[in-house]
Amino acid sequence: MNISIITVGKLKEKYLKQGIEEYLKRLTAYAKVDVIEVADEKAPEELSELEMVQVKQKEGERILAKISQDTYVIALAIQGKLGSSEDLAESLDKLATYGKSKIAFVIGGSLGISEEVIKRSNEQLSFSRMTFPHQLMRLILVEQIYRAFRINRNEPYHK
């Protein structure tokens with residue numbers, strides 16, 4: 001299985017980089033996982049609704065340019081489907097069973113994901129109704145992908 005995590009912006013925090021690198025290393029036993037960073041759109045702190053949409057659209061264009069036609073896309077979005085770690089594991093297992101070997105998880109920028117990316121996605125997934133920094137979501141996501149593979153292989157992992 002080839003998994004891409006397409007995310008907006010560069011990761012600066014050393015502690016997050018270290019955690020992500022650890023889980024990416026662990027994941028090599030299960031899948032090829034790549035993190036693809038696209039540039040975030042520079043914008044002032046105070047934005048109008050229109051300016052927010054424009055920023056998300058520009059970031060969305062960069063995201064969509066990284067997704068091939070045969071990729072199954074899961075967008076991380078607050079309004080997405082809530083589920084458990086076991087649900088994610090089952091979903092990844094079903095995708096593999098039905099020949100979906102290219103999967104992309106998309107993490108938007110600080111303003112979220114553009115409507116165009118949502119429309120391109122095959123499903124939207126929410127980890128919580130709470131808002132998390134998109135940089136922290138990278139770590140949470142790679143940990144949950146790792147956990148999903150452990151669950152699917154009936155391998156022990158802390159609860």
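This is a walk through a predicted model, moving from two of its helices to its cores, its charged pairs and a few residues worth a look.

Let's begin with helix α3, which runs over residues 85–97. It has 13 residues and reaches 18 Å from its first C-alpha to its last, close to the 18 Å expected at 1.5 Å a residue. Which residues of α3 are buried? They are S85, L88, A89, S91, L92 and L95. These buried residues cover an arc of only 160° around the axis, so they sit on the same side of α3. As for what lies over them, the cover includes strands β3 (72–82), β4 (102–107) and β5 (123–126), along with helix α5 (134–152). Just after α3 you'll meet G99, which takes a positive phi of about 80°.

Now follow the chain to α5, one of the elements that cover the buried residues of α3. Helix α5 has 19 residues and reaches 27 Å from first C-alpha to last, close to the 27 Å expected at 1.5 Å a residue. Quite a lot of this tour takes place along α5, so let's look at some of its residues in turn.

R138 has its place in α5. Is R138 buried or exposed? It's buried, with a relative accessible area of 3%. What does its side chain meet there? It makes a polar contact with the side chain of E37, at 2.7 Å. Leaving aside neighbours within four places in sequence, R138 is in contact with T7, V8, G9, K10, L11, I20, V35, E37 and I107.

From there, turn to the nonpolar side of things. In soluble globular proteins, nonpolar side chains tend to be buried together. Here the largest nonpolar core has 29 residues, and F105 and I145 touch the most other members. At least two residues of this core come from each of β1 (2–8), α1 (14–27), β3, α3, β4 and α5. Which element gives the largest share of this core? That's α5, with seven residues. To see I145 in its setting, set aside residues up to four places away in sequence: I145 then touches I3, I5, L27, L88 and F105. L88 is one of the buried residues of α3 that we passed earlier. There's also a second, separate core of 13 residues, which includes V38, A75, V106 and I118.

Next come the charged pairs. Side chains of opposite charge can pair when their charged atoms come close. How many salt bridges does the structure hold? There are 13 of them. One joins K81 to E123, with the closest N and O atoms 3.9 Å apart. K81 lies in strand β3 and E123 in strand β5, so the pair ties together parts that are 42 residues apart in sequence. The two partners sit in unlike surroundings: K81 counts as exposed at 54% relative accessibility, whereas E123 is buried at 15%.

Another bridge stays within α5. E143 pairs with R147, their closest N and O atoms being 2.9 Å apart. The two are four residues apart in this helix, about one turn, and both are buried. Then there's the salt bridge between R150 and E155, with closest N and O atoms 3.2 Å apart. R150 is buried, with a relative accessible area of 16%, while E155 is partly exposed at 27%. Salt bridges that share partners also join K10, E37 and R138 into one network. So R138 comes up again, this time alongside E37, the residue its side chain contacts at 2.7 Å.

Let's stop at the segment after α5, where N154 is found. Most residues other than glycine have a negative phi. What about N154? Its phi is near 55°, a positive value in a residue other than glycine. N154 is also exposed, with a relative accessible area of 71%.

Our last stop is L82, found in strand β3. At 43% relative accessibility, L82 counts as partly exposed. L82 and S128 are 46 residues apart in sequence, but in space their C-alpha atoms are 6.7 Å apart. Leaving aside neighbours within four places in sequence, L82 is in contact with S126, F127, S128 and R129.

Key:
Residues numbered from 1 in each chain as written. Predicted model: local features only at pLDDT ≥ 70, side-chain atom pairs only at ≥ 80, totals over all residues. Heavy atoms only, no water. Expected span 1.5 Å × (residues − 1). Buried < 20%, exposed > 50% of the residue type's maximum accessible area, 1.4 Å probe, protein only. Arc of directions from axis to C-beta. Contact = heavy atoms within 4.5 Å. Polar contact = N/O pair within 3.5 Å; in protein donor to acceptor, adjacent residues only side chain to side chain. Core = buried A, V, L, I, M, F, W, Y, C linked by side-chain atoms within 4.5 Å. Salt bridge = Lys/Arg side-chain N within 4 Å of Asp/Glu carboxyl O.
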